[in-house]
Each structure stands twice: as C-alpha cells, then as structure tokens.
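These are my notes from a session with one model. I looked up a few residues, a helix pair and the cysteines.

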Amino acid sequence: MFNALFEYQFLQYAFIVILLSSVVCGIMSNLIIEKKMLMISGGLAHTAYGGIGLAYFLSFNPTLGALGFTLCCAFFIAVLNRKATIPNDIFIALFWALGMALGIIFIGLIPGYTPNIESYLFGNILSVSLEDLLSMAVLTCLIFISLILFYKDWQLFLFDEDFARLQGIAVNFYHYFLYLLVTLSIILLIRVAGIILVLALLSAPAASASLCSKSFTGRLVLSVLFSFIFSFCGLWLSYYLNVSSGASIVVFAFCIYSLLLLRKKIM
C-alpha cells in the first residue's frame with residue numbers, strides 16, 4: 001500500500017482525508033462526549049438519510065441534500081434541547097427514525113433504476129473527490145481555529161455552563177455553534193465511515209484517549225492520534241482484504257479501545 005500511495009491519486013486523496021478527518025474526529029469526539037451529545041449525534045447522522053433520499057428523488061447533489069436536511073433537524077433538536085420539557089431521548093429517537101423513514105420513502109418513489117447508496121450507508125474513503133477533500137479542509141480549519149481562539153470559553157462551556165454564563169460567556173451561541181459543527185462533521189465523515197458507522201468515529205478516539213489521559217488537553221492530542229491510527233490501519237486492512245473501508249476502520253477502532261480498556265482493568 002505504501003508504494004501504491006505514491007502511484008494512485010485516489011489513495012493520495014484518501015490519505016489526506018485521513019489526516020484531516022483525524023483532526024475533526026479527535027476534537028469533535030471530545031466535545032460531543034463532554035456535552036453528552038453522543039446519541040444526538042447518532043440521531044443527526046441517521047436524519048441525513050432523509051436528505052440523501054430527497055436529493056436523489058429531486059435529482060440534485062446528495063451531499064447538499066443531506067446537509068440541508070440535517071441542519072434543519074439539528075436546529076430543531078438544539079431548540080428542543082433548550083426549551084422542551086420532554087426527555088431528550090424521545091425526540092432524538094423520533095428524528096432518528098424520521099430521517100431513515102423519509103429516505104426509504106423518497107428512494108422508493110424514484111422511477112426506474114434505484115440508485116446505489118451503499119457508500120453513504122457504510123462509507124468508502126477510496127471514493128472521495130477533490131470537492132470532498134476541499135470541504136474537509138475547510139471544516140478542519142474552522143474547528144481547529146475556533147478551538148484555539150476560544151479554548152478557555154470552550155472548556156467552561158463544556159464542563160460548567162452555569163459558571164460560564166456567570167463569566168459572561170455566550171452560552172447559547174456555543175450551544176448552537178456546537179450543533180452546527182457536529183452536523184458539518186457528520187456530513188463530511190459520512191464519506192469516510194457512512195451514516196451507520198459514523199458514530200464510532202465520533203466516539204472511539206475520545207473514549208480511547210480518556211483511558212490514557214486525565215487532562216482535557218491531553219485527551220484532545222491523543223484523540224487526534226488515535227483517530228489517525230484507526231483510519232490509516234482500517235484503510236490498510238480494507239485495501240488488502242478488499243472489504244469496506246468504513247467497516248474496517250470501525251472494527252479496528254473497537255479492537256484498540258477494547259485492548260486499552262482491558263489493559264486499564266488489569267493494571
């Protein structure tokens with residue numbers, strides 16, 4: 001694979017996406033876990049299927065369809081999370097099911113040949129385009145810059161919203177901005193791991209890092225490193241075994257996390 005990396009453009013694109021997505025996953029997985037948004041992220045990932053189905057039905061870019069649909073759902077969930085009196089898991093489950101159901105209906109309404117949407121469900125990092133690459137680069141810069149410039153604000157917002165509000169931090173802004181970042185991350189990571197598996201990329205790096213470091217900064221750095229290891233080794237396995245890259249990445253991430261957990265239990 002190392003020799004092929006210098007010969008084939010699709011492998012070069014895949015490697016660059018791994019580098020960029022490692023930063024995205026490393027940072028976002030920590031933000032999501034600290035704010036207990038893991039199931040919300042899973043719900044948003046599955047609502048993207050509704051946008052993809054709508055895009056195929058109306059014959060426009062599926063990524064744009066997924067982005068628009070998921071952003072609308074993210075906004076409603078963010079508002080409900082702030083103002084609704086019903087438990088979070090209820091409306092998360094409803095949006096989760098709604099997105100999948102609408103996607104199935106829209107795709108079923110397409111006349112003639114049904115499009116192959118397997119790459120959106122399970123991911124295919126080897127199929128990323130230059131457009132995907134540029135989009136991932138923009139998102140990576142946005143997340144990295146926002147974290148560096150407002151690092152202390154993020155820490156206070158993540159760990160103690162009430163204290164952050166007393167310190168004059170715009171808590172509501174960070175609340176909605178986090179939902180925006182989560183949505184953008186999900187849409188772009190779908191190309192890597194797919195709708196069904198993307199939740200693993202938004203949890204495994206931070207979960208693994210938490211077994212090795214207690215400090216928030218340390219977990220951020222280790223999460224980026226773990227994310228790169230998961231993605232690169234998963235890509236290597238999928239290349240040689242000729243299996244789904246998204247599935248290989250997730251399986252490898254699970255194995256590494258399990259080994260780290262076992263090591264911690266023994267020690």
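Is Ile190 buried or exposed? The model is a predicted one, and in it Ile190 has a relative accessible area of 3%. I enter Ile190 as buried, because 3% falls under the 20% cut-off.

**Entry: surroundings of Ile190.** I placed Ile190 in helix α10, which covers residues 171-201. I then listed its contacts, setting aside neighbours within four places in sequence. Ile190 touches Ala48, Ser119, Tyr120, Gly123, Ile195 and Val198. I also checked the spacing to one of these, Tyr120. Ile190 and Tyr120 are separated by 70 residues in sequence, and their C-alpha atoms are 6.1 Å apart.

**Entry: α10 against α7.** I next took the pair formed by α10 and helix α7, residues 130-149. Their axes come within 10 Å and cross at roughly 150 degrees. That angle makes α7 roughly antiparallel to α10, since the cut-off for this label is over 145 degrees. The crossing of the two helices is left-handed.

I wrote down the residues that make the contact. From α7 they are Asp132, Ser135, Met136, Leu139, Leu142, Ile143 and Ser146. From α10 they are Phe177, Leu181, Leu184, Ser185, Leu188, Leu189 and Arg191. By class, the contact of α7 with α10 has nine nonpolar, three polar and two charged residues.

**Entry: cysteines.** How many disulfides does a search of the whole structure find? The search returned zero. Cys25 is in no disulfide, and the nearest cysteine sulfur, in Cys233, lies 15 Å away. Cys25 is buried, with a relative accessible area of 1%.

Why is the sulfur of Cys233 not in a bond with that of Cys255? Cys255 holds the closest cysteine sulfur to that of Cys233, but the distance is 11 Å, so the two are too far apart for a bond. A disulfide would need the sulfur atoms within 2.5 Å. I computed no accessibility by hand for Cys233; the value on record here is 25% relative accessibility, and Cys233 therefore counts as partly exposed.

**Entry: Ser231.** I finished with Ser231, which sits in helix α12, residues 216-241. Its relative accessible area is 1%, so I enter Ser231 as buried. Leaving out neighbours within four places in sequence, I found Ser231 in contact with Ile18, Ser21 and Ile249.

Definitions and conventions. Residues are numbered from 1 along each chain as its sequence is written. This is a predicted model: local features need pLDDT of at least 70, side-chain atom pairs count only at pLDDT 80 or more; totals for chains, interfaces and linings use all residues. Side-chain values use heavy atoms; hydrogens and water are left out. Helices (H or I, at least four residues) and strands (E, at least two) are DSSP runs, numbered from the N terminus. Buried means under 20% relative accessible area, exposed over 50%, partly exposed in between (1.4 Å probe, protein chains only). Contact means heavy atoms within 4.5 Å. Axes are lines fitted to C-alpha atoms, for helices over the stretch in contact, and angles run from 0 to 180 degrees between N-to-C directions. Angles under 35 degrees count as roughly parallel, over 145 as roughly antiparallel, 65 to 115 as roughly perpendicular and the rest as oblique. A crossing is left-handed if the near helix is turned anticlockwise from the far one by less than a right angle, and right-handed if clockwise. Ala, Val, Leu, Ile, Met, Phe, Trp, Tyr, Cys and Pro count as nonpolar, Asp, Glu, Lys and Arg as charged, and the others, Gly among them, as polar.
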